[in-house]
Every structure is written in structure tokens, then in C-alpha cells.
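Work through the exercises below with the model open beside you. Try each task before you read its solution.

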Amino acid sequence: MKIAIVVLFILAGIIVSAQETEKKSYTSKQVGELHLTIDGYLNEPEWQLANWENQFIQYEPSEGKPPHQQTEFAILYDANNVYVGIKALDKNPDSISMRLTRRDETDGDLAGVIFDTYHDKRTGFAFIVSAAGVKSDFIQSNDGENEDNTWDPIWWVKTTKNGEGWKAEMRIPLTQLRFEEGNEQTWGLQVVRFIFRKEELSVWQPMKRDFSGFVSQFGTMNGIAGITPKNTFDVMPYVVARTERFEKEPENPFRKNGKRNGLDAGLDAKLGLTNSVTLDLTINPDFGQVEADPSEVNLSTYETFFEEKRPFFIEGKNILSYRLNWGDGDQSVEGLFYSRRIGRRPHYEPELDDEEYTEIPEFTRILGAAKITGKTKNGWSVGVLESVTAKENAEIKGIDESRIQTVEPLANFLVSRIQKDFNEGNTYIGGMFTAVNRNIDDSHLEFLHKSAYTGGIDFVHKWNNKNWMIDAGWFFSQVNGTEEAITETQKSHIRNFQRPDADYIKFDTTRTSLNGHGGKFTIGKLGGNLKFAALFSWKSPGLELNDIGYAQQVDQFLQVVWVGYRIYKPFSIFREVNLNINQHTLYDFGGNLLSPGGNINGFLQFKNYWGAFFSANGSGNQVSNSALRGGPALKTPGRKNFHSGIFTNQQKKLSFELNTGFSASNEKGFQNSSSYNVSVGYRPTKTLLINLSPGLSNDKTDLQYVTQVDYGSKKRYIFAHIDRKTLNMSLRINYNITPDLTIQFWGQPFIATGNYAEYKYITNSKAPKLTDRYQLYASNQMELNSDLYEVDDNGDGNVDYSFDKPDFNVKEFLSNLVVRWEYRPGSTVFLVWSQNRSDSVNNGSFDFSRDVNDLFDVKANNIFLVKFSYRLGR
């Protein structure tokens, strides 16, 4: 760590001052009552009189050089719209790539405009179109550091192709833009063009890739005067009809008919409170068209992070984000707000008597949600989300009676975020507060928190032309509930207060609240070719964010030093080179070193458009405070791993990517793993794309947790050697009939097996020698009896305790077929077919032929739905 700090301060003396590029200015022209036909031809008289500009310059790959093909653009406006015309000139028009895709998944040649309507040098509203006429729109925030491509404004665009290249004509209503009222507007402006066959991005306003900001490098647009802000008003009622088909189970009253039907309705709305502040509403939302989460078998103590896919929650998500760490490492997903908590699967599962059956809702129903987001010209950003989820009941039926049991209480979720930027966007201060309140009136749900509150403040400052940065923050949490609830919180695997060796924390079963805190501090140089940063963060043992946020582990001090080098301009055989090296240490609040390690990684792209990447990690001895699930900390050998991959030219009809990974412990034979993943992309026509991605992984380790049992006055923490194999494949087929009519299919077969052997129990979890940390069971101490291991621990011929055979063979097939038709802007029809097949047996062996056959012998659960929405608005 001392060496790393010395290196950082040596590097800190190397300050490269970025020379600021001269800013261009464009003057837009106002026209009267326009009657432009948005057809992509740009042949109306108004376009002939417009102020056309060209002189684009390369941004990638050869920054500052003339582009291979020049571009022209003009911008007009009237009282209600902004019009953009782009002429993407091309001396070889037959080489223009016109690939049809779904909205926001654009491919091929592109062109578009980005407006910084606030002129805060941090926020950009992008309107991009492909040569085939496919829209892509997104909001850039934090000076381009974040992009939110879930923003789907209502706008019109058409493209045409001729002997001189291709053209795009756009009409963007002022209701979709955010700006302050004034006599004359000054907006930030950038116009971009991407030539697919060259992978070349050219821009109107020259920019530097080694500059840490993006929006702040835009030029300006003047000339817009006499317009007034327009408030958004969009209301989208929907109706959905659903039918479900599954295998009949005559003895199960909930599944004896093999079918279930339903009809539902709801409402989505987007209302402009002011031009710069928008209210989004959803009442009884339906997300039936959303793709399922990928399959997995998680044997760790860490909760899996799943990406948000529901449209209401992903649109504008950046403004409600508060990350616990800077950067893009393993802990970058941790934050105060994790929207998947809202509408999650119910917490409680009823205990059933013999011959009882139950039906539990798959998800907690969201009764309604509202979200206010916006930004003012003077730098205030605000985001507020309020959601109410229903009280959910499980219906239980037996031979003679039925009953209802609550599995999730009525709950309210509040998330609020505010930020203020100043100093021309170089500095901002922000704050966040969240609250969860549950109406718990059932004793069996008293393990849940009655209320949970979190909050934080953060500060970012950049200087020296944004080359240097400080990112700091402090956050807290408080949870309240019964003694049972707070005891369970203390015993949670992410903190384990009950550990016998945790003398720096107190386990108190009489508590009815728990408080915690955390913080972060990063200083670094992000501009230029040479970049580096030092990070320090902490999360106290009492920190509890997981009612509405996401934290994998607390009770941690983390220190990281990172150095990166970027070569942006092509040289030799390379188009681009990125290299990184970092070092980290992790401690708990007792001062115990948990994980020292380091990493070297790199990315290379070649001039033939192929690429390669690699990552090498090394770590010292690891100490896990959660491995024994409440027992003492466990010491395990460090390990080294290597991951690498190569991909071919993505412009071709047929492309490939191969990546492999290998891992081995520093102590021979303790742990080793390997993984192999292939991705094949095939585009036989411009409208059809097929992706096939199979993967196989193998993992063996000598210390896999099995269970813990009481043995007299002792605890037996039982572990075993495990041999795991996982086979998965993802198949995606995208067929795009028009830019507004698409068919998408996703299917994933998944097989995971785990074979346990060499059972042992922990004796001295931190002994210097690995083999002194456990005791193997002798063959005469254990006997398998009907999938139950019976253990004679003391050898007296009597069974002292028993545990279930942990071997597993899990098989699952998930698929989703979606037909989407946007029959008018903002109005859609979805036709959806979802299928699920799943099976699990107590067998750890892996047999490809047998397991695949068994998977597709399982009866499928099919859901068919039709969803119709209609936009009412202006």
C-alpha cells in the first residue's frame, strides 16, 4: 500500500494541461408557419434558404483529421418545433450500411444532433437516426459520464438515400425539450455522423478524446428567439389480455385445470409541471413484455444484482442514482436506490401442512407510482419517486378447508434526490433521502423492518479543464422494527454480528433499531492519455441499505489505487489501446485484512476492426466474515486468475467473439476453475440478426459451505469439496420488418450441477496451515440414507445429527417472443409469448445428452398476452 501511494504522488506531479479547442457557433433561422413534410428529401424552399454548415472533423479514430466523407446540416425552428436537416454525403453510396433494428439499438450508418438546451455544459438531449430510419434517443448527464437511452421522446424523422449519400429530416416538438423562457436562447450544440464501414465518428464541433468531459466541449447555437417553453402532456391508457397454460395437476386445486386467464387495464402518463420538470405516473402497471432474468445457481452469501428492465423505473434512472463507490469495478452497482426492491417477490412463504397447496403471487403488485424529474437552467436537478405496493396474500387450500395468509404487507417507497451544479458545471453538491414504510399487522411478518431510512450527501469538483477530479460523499441508514426484525438484521450474512470472533461489534437481541454509515473519497486525474486515481471508502457494520438500496457486504474499509493509459490515435496495427493497473486492500472495522490484491487489464482494437482484451488478477490470503454464516471468520488461500478474449469485425455478416477464463488458488489443489464462452452473430439480411452465445464453466473447490448443525454445546460448520459444472446458451433473433414493427426472440437453456464429496467440519478457521482448519469425516462416521446424511460424530454407533444431501442438478429453459408495433408515435401493440421449463433433482452428475432430454421432457408453462396502449397528448 505504501508503494502504491508513493507511485500515486509521483504520477500526481505529471500534469498535462489540455489546450481548449476553439468553440464554433451556429445561427438557426426562424420560419413562419411551416408546412414541411417530414419525408427525408429536404426539398422545400425553407431548406434551400437555411444556414447550411459542414467542415466536420474526425473524433474517432483519427482525432482532428478530415473525415472520409463530409457532412452538412441545417437547423430551423418555429413556435412549436425544431427542425433538423442532415446531408450525409458519400462518394460510395452503395457502401452505406442500412441495417434495420429496434429503437435505441441502432446499427449501421448514423447521424444526429445533441442539444444542451440548459447550456449547463453537463446535460445533452440526443436525437440520432440510422440510415435505415431507426431512432435512437438518450439523455447525457454529468458531462456525458452517464447516458440514459430509456428516454423516448415523441419526435418524427425520415431518411432517404440517393447518388450523393443519404439524408435525414427531423421534427422535434418543443414539448420534448427542456429550456428556460427568455428573449433569445443559447444552447449547446453538437452534430455527429458515424460511418459504419470505417467505424469513424465525425463531429461538427471538434472535441478531444483525452478531455474528461463530453457535453462541455460542445459548440453553441444562437438565433432562437421568441419561443416559449411547452409543457408535456401525454396520457397512455392500456389494456392487456393474458392467458396461461401449464401442466394439469389434479390433486392441486390451483393447477387442476391447467389454465388461467386474465384481463387488466392501467394508465401511464407524462405531464409537464413546468417545461423543465416532468411528472411520470403509472397506475396498475403491467410489465408482461419485459424479458425474464437469466438463470443462475448462487451458492455464495452475496445477493445477485439483476439489471432493471421495467420501463417506468429505468427511464430517468441516472437522476435518482447515488453510487457508493466511484468507478466501474465489482462494487460499482452498490447504491442507495435499487429499483428492483419495488414490486419484488413477496418476502414470506407459508408453512404448509400435509396435503395443503398454496398459490403465491410471483411479484408484489405495484398499485401506483409517481416520479418527478427535472432540471432548471440555474443548475438545480431534482428527482422524486413515490410508489405504493399492495398487501399480498397467499391462498392455501387443504382437503377440508382453505385459508388466506399475508405474504407481503402494504408498503410505501420514497426516493428523493437533489443536486446543484455551478462553476460552469465543474462543481456540484447533492443530497439523497429514501424511506420505506410497511404496514405490518401480522405477527408472522414481524421479521420485516417496520421502517427504513437512508440518506447521503455527495460532492464532485473538477479543475484544470476537468483534468482533475475529487468525488466525495457520506451516507447513513436507520432501520426500525421488532426485536425479531433487528436481530435478523444483525445476523444477516452481510454483517454477522453474532460471530464469536467479532469483538469490535455488539450483538444485541433487544434492539429495535439499527444505525449505520458509510462514505467515499476519490481524487484522480482523468484527462490526458495518462489517468490515475486513489479511492477510499467505508461501510460500517450497522449499515443496512437493502430495503430499497443494494449493498453486497458491509463492515468494510476499501482502498484502491488505479492507473490507466489510453492511446486514442491509430498507430502501427492498432486503432486504439487501453491499459489499466490497480491495487486494492480490504479491511473490516476490527482492523483485520480481508483481501489484498491487484489487477492488470487491457483492451486493444486493431486496424482491421478486430479486437482483444485481457485481465490478470492476483490476491493474497482471503478472510471471509460471512463464509461460516454466523461462525468465525474463515481464512482461505489467495488465488490468481486470467481472463482473455478476442472478437472479429462486427461489420461483417458473420462475426465471432471468444473469451476464456482460468483461476487457481495459490495453494495447489484447493481451488481451480475454467470458463469458455463463444458468441456468434449472423446477419443474413439488413433486417435479420441472429446471435448465439453458448458457455461452459467448471469450478472445483475444497471448502464449499453445506450447512451448520448443533452438536452438544458446539456448532458444526459443515463444508465439502464441490465439483460444479454450468452449461448455458443464449439465442437471440431480431427481425425488423420496419423501424416501428419488430419481432424479437430470446431463449436460454441452462443446466447447472454440483457434486459434493470429502465432507469436513471447521475446527480452527484461521489456522496458519490450511489442513489444520478442518477435520475430514471418516467413512464410518457418515451414512447416506434416502438423500439424508446421518452422522455419528463421536463414533459411539448412534446418529448425532443429520443433514440433507446437497447435490443438485438444476435445469431451466426460459424464452420470450415479442412482436412490437408502434402504430403511431407513443402508441404500441405488444404480442408476447413467454415460456418457462424448470426441473431440479438431487443428483450432482452432469450428462449433456441426458440433461438436455430431461429439460425438454418437462412440461412447459406458457403465457400469451396482448397489450394495447394509445397515446393521448400533444
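The exercises cover salt bridges, buried residues, backbone geometry and surface patches.

This is a predicted model, in which local features need pLDDT of at least 70, side-chain atom pairs count only at pLDDT 80 or more, and totals for chains, interfaces and linings use all residues. Residues are numbered from 1 along each chain as its sequence is written, and side-chain values use heavy atoms, with hydrogens and water left out.

**Exercise 1. Salt bridges across the chain**

Task: Find the salt-bridge partner of Glu334 and place both residues.

Solution:
- Start with the criterion: a salt bridge is a side-chain nitrogen of Lys or Arg within 4 Å of a carboxyl oxygen of Asp or Glu.
- The structure holds 40 salt bridges.
- Glu334 pairs with Lys539, and their closest N and O atoms are 2.8 Å apart.
- This pair links distant parts of the chain: Glu334 sits in the loop between H3 and S18, Lys539 in strand S28 (residues 530-539), 205 residues apart.
- Helices (H or I, at least four residues) and strands (E, at least two) are DSSP runs, numbered from the N terminus.
- Now check burial: buried means under 20% relative accessible area, exposed over 50%, partly exposed in between (1.4 Å probe, protein chains only).
- Both Glu334 and Lys539 are buried.

**Exercise 2. Two further pairs**

Task: Locate the salt bridges of Arg403 and Lys391.

Solution:
- Arg403 meets Glu356, with 2.9 Å from N to O.
- That pair also links distant parts of the chain: Arg403 is in strand S22 (residues 402-408), Glu356 in the loop between H3 and S18, 47 residues apart.
- Arg403 is partly exposed because its relative accessibility is 29%.
- Glu356, at 12%, counts as buried.
- Lys391 bridges to Asp441, the closest N and O atoms being 3.8 Å apart.
- Here the link between distant parts of the chain joins Lys391, in the loop between S20 and strand S21 (392-397), to Asp441, in the loop between strand S24 (427-439) and strand S25 (451-463), 50 residues apart.
- Lys391 has 39% relative accessibility, so Lys391 counts as partly exposed.

**Exercise 3. A buried arginine**

Task: Which side chain of opposite charge is nearest to Arg102?

Solution:
- Place Arg102 in the loop between strand S5 (81-89) and strand S6 (110-116).
- Arg102 is buried yet has no salt bridge.
- The nearest side chain of opposite charge is Glu105, 5.6 Å away.
- Then list contacts (heavy atoms within 4.5 Å).
- Beyond four places in sequence, Arg102 contacts residues including Val134, Asn736, Arg820 and Phe830.
- Arg820 also belongs to a salt-bridge network with Arg103, Asp137, Asp152 and Glu822.

**Exercise 4. Pairs brought together in space**

Task: What does Pro93 touch outside its sequence neighbourhood, and what does Lys607 touch?

Solution:
- Pro93 lies in the loop between S5 and S6.
- Its relative accessible area is 15%, so Pro93 is buried.
- Leaving aside neighbours within four places, Pro93 contacts Lys161, Asn162, Gly163 and Gly165.
- From Pro93 to Gly163 the C-alpha distance is 6.2 Å, across 70 residues of sequence.
- Lys607 is in the loop between strand S31 (593-606) and strand S32 (611-619).
- With the same exclusion of residues up to four places away, Lys607 touches Pro570, Phe571, Ser572, Ile573, Phe574 and Arg575.
- Lys607 and Phe574 are 33 residues apart in sequence, but 5.3 Å apart C-alpha to C-alpha.
- Lys607 is partly exposed, at 43%.

**Exercise 5. Backbone geometry**

Task: Is the peptide bond from Glu60 to Pro61 cis or trans, and what are the phi values of Arg629 and Glu758?

Solution:
- The bond from Glu60 to Pro61 is cis, with omega near -5°.
- Pro61 is in the loop between strand S3 (57-60) and strand S4 (71-77).
- Arg629 is not a glycine, yet has a positive phi of about 50°.
- Arg629 lies in the loop between strand S33 (622-624) and strand S34 (634-636), and is buried at 16%.
- Glu758 also has a positive phi, near 50°.
- Glu758 lies in strand S40 (residues 741-762) and is partly exposed at 48%.

Definitions and conventions:
Lys, Arg positive; Asp, Glu negative; His and termini not counted.
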